[in-house]
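Please find below some remarks on the model, set out as numbered points for a colleague who has the coordinates open.

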Amino acid sequence: LSDRKGFTLAYTALLPLIKEGKLELSVAGGEGNEFNNFDVNCHGKIDSLLEFYGSCHVIIIPSKYDSFPNVFLESLASSTVPFLSRDLITEDICGSTSKLLFDRNIESIHNVFESYISEENFRIELSTECAVQRSKYDFDWSASLHNILNKR
């Protein structure tokens, strides 16, 4: 729940969509009772990351400083779309016009998810961009991460 991680920011941005029944927010990690005051599914510690990623359509990483974490790579490896906070590092990795990036504010987060929910072309573009991200590397990190996720 720290400001640095960005849960409250993301929750505030997504709450109208949650209330309208357009999306369901799942939280991984933390203690289950931390999130009792929020309309979320709290999974706590995840034993099977592959199963968790497979149960999600997208992953949001609203963190202020952890903008290129393992979660981004694990999401790509499991074919789950990762949304990242925009900063110099994520723009360098994904490109300044990347659809995977959002500005770290309520309006930008809300708009990205509204587009994801309502625009099929946007979802197709995201899938294509994720495939490009996976293929950018000379080694098969995607398969390696997939194997690691299966073993957890």
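The points below take up the strands, the core, the largest pocket and the start of the chain in turn.

1. The model is a predicted one, and the remarks that follow should be read with that in mind. Strand β4, which spans residues 81-85, is mostly covered, with five of its five residues buried. Val 81, Phe 83 and Ser 85 point one way from the strand, while Pro 82 and Leu 84 point the other way, and all of these residues are buried.

2. β4 has pairing partners in both β3 and β5. With β3 the pairing is parallel and runs over four bridges, and one bridge places Ile 60 opposite Phe 83 of β4 as its partner. With strand β5, residues 101-102, the pairing is again in the parallel sense, here over two bridges, and Ser 85 has Phe 102 as its bridge partner in β5.

3. The largest nonpolar core comprises 41 residues, and those with the most contacts inside it are Leu 14, Leu 25, Phe 72, Phe 83, Ile 109 and Phe 113. Helix α1, residues 7-19, contributes the largest share of this core, namely eight residues. Phe 83, listed among those residues, is also one of the buried residues of β4. As general background, nonpolar side chains in soluble globular proteins tend to be buried together.

4. Ile 109 deserves a separate look. Leaving aside residues up to four places away in sequence, Ile 109 touches Leu 9, Ala 10, Ala 13, Leu 14, Ile 60, Phe 102 and Asp 103. Of these contacts, Ile 60 is the bridge partner of Phe 83, and Phe 102 is the bridge partner of Ser 85.

5. The largest pocket holds about 1200 Å³ of space. Its lining is made up of 38 residues, of which Ser 26, Val 27, Ala 28, Ile 59 and Ile 60 are the closest to the pocket's centre. At least two lining residues come from each of α1, β1 (26-28), β2 (41-44), α2 (49-54), β3 (58-61) and α5 (106-118), and β3 supplies the largest share, four residues. By class, the lining consists of 23 nonpolar, ten polar and five charged residues.

6. Is Ser 2 buried, exposed or partly exposed? Ser 2 lies in the segment before α1, and because its relative accessibility is 36%, Ser 2 counts as partly exposed. The C-alpha atom of Ser 2 is separated by 30 Å from that of Ser 118, the two residues being 116 apart along the chain.

Methods:
Residues numbered from 1 in each chain as written. Predicted model: local features only at pLDDT ≥ 70, side-chain atom pairs only at ≥ 80, totals over all residues. Heavy atoms only, no water. Core = buried A, V, L, I, M, F, W, Y, C linked by side-chain atoms within 4.5 Å. Buried < 20%, exposed > 50% of the residue type's maximum accessible area, 1.4 Å probe, protein only. Contact = heavy atoms within 4.5 Å. 1 Å grid on protein atoms, 1.4 Å probe; cavity = no way out; pocket = protein on both sides within 12 Å on 5 of 7 lines; lining within 4 Å. Points joined across faces, edges and corners; volume = space filled by probe spheres on them. Nonpolar A, V, L, I, M, F, W, Y, C, P; charged D, E, K, R; others polar. Pairing = 2+ DSSP bridges.
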